[in-house]
Amino acid sequence: MRRTAMLIEKSCKDFVEVLSSKEPVPGGGGAAALVGAIGMALGNMVGNLTVGKKKYKDVESEVYAIMEKATKLQEALLSMVDGDAEVFGEVAKVYSMPKETHKEKEARAEAMEKALKQACTVPMDIIRTAVEAIKLQARLSEIGSIMALSDVGVGVLCLKTALLSGKLNVIINLNGIKDEDFVLKISKEMDALVEEGVKIADETYDKVEQRIKK
């Protein structure tokens, strides 16, 4: 899929324009991944504004370690912009399959089940990655430069958005899957991760707001 493989290479303006069009991709999943990457990038920025400062010398090594992890998560989320487009493309292909005969209907249903399960993978990865990123932001809210603390708050809000958006994209795919064991397994993991991530994100945002009010 050459067209979707180039999504992250578009300018911000071009990406928003295609997002607002009737093109099937990018959609909510790709937008969620991009917002998450931006959220983690803000954490990296805070790290860069913290290291090298005498005031934060005692935590410098930890901040460097956080930045190393943050870079990997940021890159992973960016890759999911295209990844989500690719898995959705497989679902779109199924809709064009013939469904006139009983045999065609069975083949279409089987292909749809497989495609929808695959379509759950990227938004689940967005959820998992967003939770890890939120945890890094939580720590930066404690040891990052006070001058950039508001950016931790913005970053964690972006990641919370990615987390909840990923949940919506998982749910809409699960709705069409008949494999009850699969649906139960994914739902259980998703709910636990979202609950954990939202809790940490909200606590982090509140902590940031209180600290910058002083």
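Visitor: What covers the buried residues of α7?

Guide: Helices α5 (102-143) and α6 (149-174) are among the elements that do. Keep in mind that this is a predicted model.

Visitor: Which residues of α7 are buried?

Guide: Among them are Ile186, Met190, Leu193, Val194, Gly197, Val198, Ala201, Thr204 and Val208. Many of those numbers step along by three or four, and there's a general point behind that. An α-helix has 3.6 residues a turn, so residues three or four places apart point the same way.

Visitor: How do you know that α7 reaches close to the expected span?

Guide: Set the two values side by side. The helix has 34 residues, running from 180 to 213, and at 1.5 Å a residue the expected span is 50 Å. From its first C-alpha to its last, α7 reaches 49 Å, so it comes close to that value.

Visitor: What caps the N-terminal end of α7?

Guide: That's aspartate 179. A side-chain oxygen of aspartate 179 lies 3.2 Å from the backbone nitrogen of aspartate 181. The cut-off for a polar contact is 3.5 Å, so the pair at 3.2 Å falls within it.

Visitor: Why is serine 141 called buried?

Guide: Its relative accessible area is 1%. Buried means under 20%, so serine 141 qualifies. The residue lies in helix α5, and it touches Thr204, Lys207, Val208 and Arg211, as well as Leu149 and Val152, leaving aside residues up to four places away in sequence. Thr204 and Val208 are also on the list of buried residues in α7.

Visitor: What does the side chain of serine 141 reach?

Guide: The backbone oxygen of alanine 138, at 2.5 Å. The limit is 3.5 Å, so this counts as a polar contact.

Visitor: What makes lysine 117 count as sitting over the ring of phenylalanine 182?

Guide: The charged end of lysine 117 is 5.2 Å from the ring centre. The distance limit is 6 Å, and the charge must also be within 35 degrees of the ring normal; the pair is listed as sitting over the ring, so it passes.

Visitor: How many aromatic pairs does the count come to?

Guide: Zero. Ring centres would have to lie within 6.5 Å to pair.

Visitor: What about the whole chain: how many helices and strands are there?

Guide: Seven helices and zero strands. Of the 214 residues, 43% count as buried.

Visitor: Which residues does the UniProt domain annotation cover?

Guide: The unreviewed entry puts "Cyclodeaminase/cyclohydrolase" on residues 11-191. That span is 81% helix and 0% strand.

Methods: Residues are numbered from 1 along each chain as its sequence is written. This is a predicted model: local features need pLDDT of at least 70, side-chain atom pairs count only at pLDDT 80 or more; totals for chains, interfaces and linings use all residues. Side-chain values use heavy atoms; hydrogens and water are left out. Helices (H or I, at least four residues) and strands (E, at least two) are DSSP runs, numbered from the N terminus. Buried means under 20% relative accessible area, exposed over 50%, partly exposed in between (1.4 Å probe, protein chains only). Contact means heavy atoms within 4.5 Å. A polar contact is a pair of N or O atoms within 3.5 Å; within protein, one must be able to donate a hydrogen and the other to accept it, and residues adjacent in sequence count only if both atoms are side-chain atoms. Rings of Phe, Tyr and Trp (its six-membered ring) pair if their centres lie within 6.5 Å; planes under 30 degrees apart count as stacked, over 60 as edge-to-face and the rest as tilted. UniProt positions are given in the numbering used here, feature names are shortened, and annotations may be inferred rather than shown by experiment.
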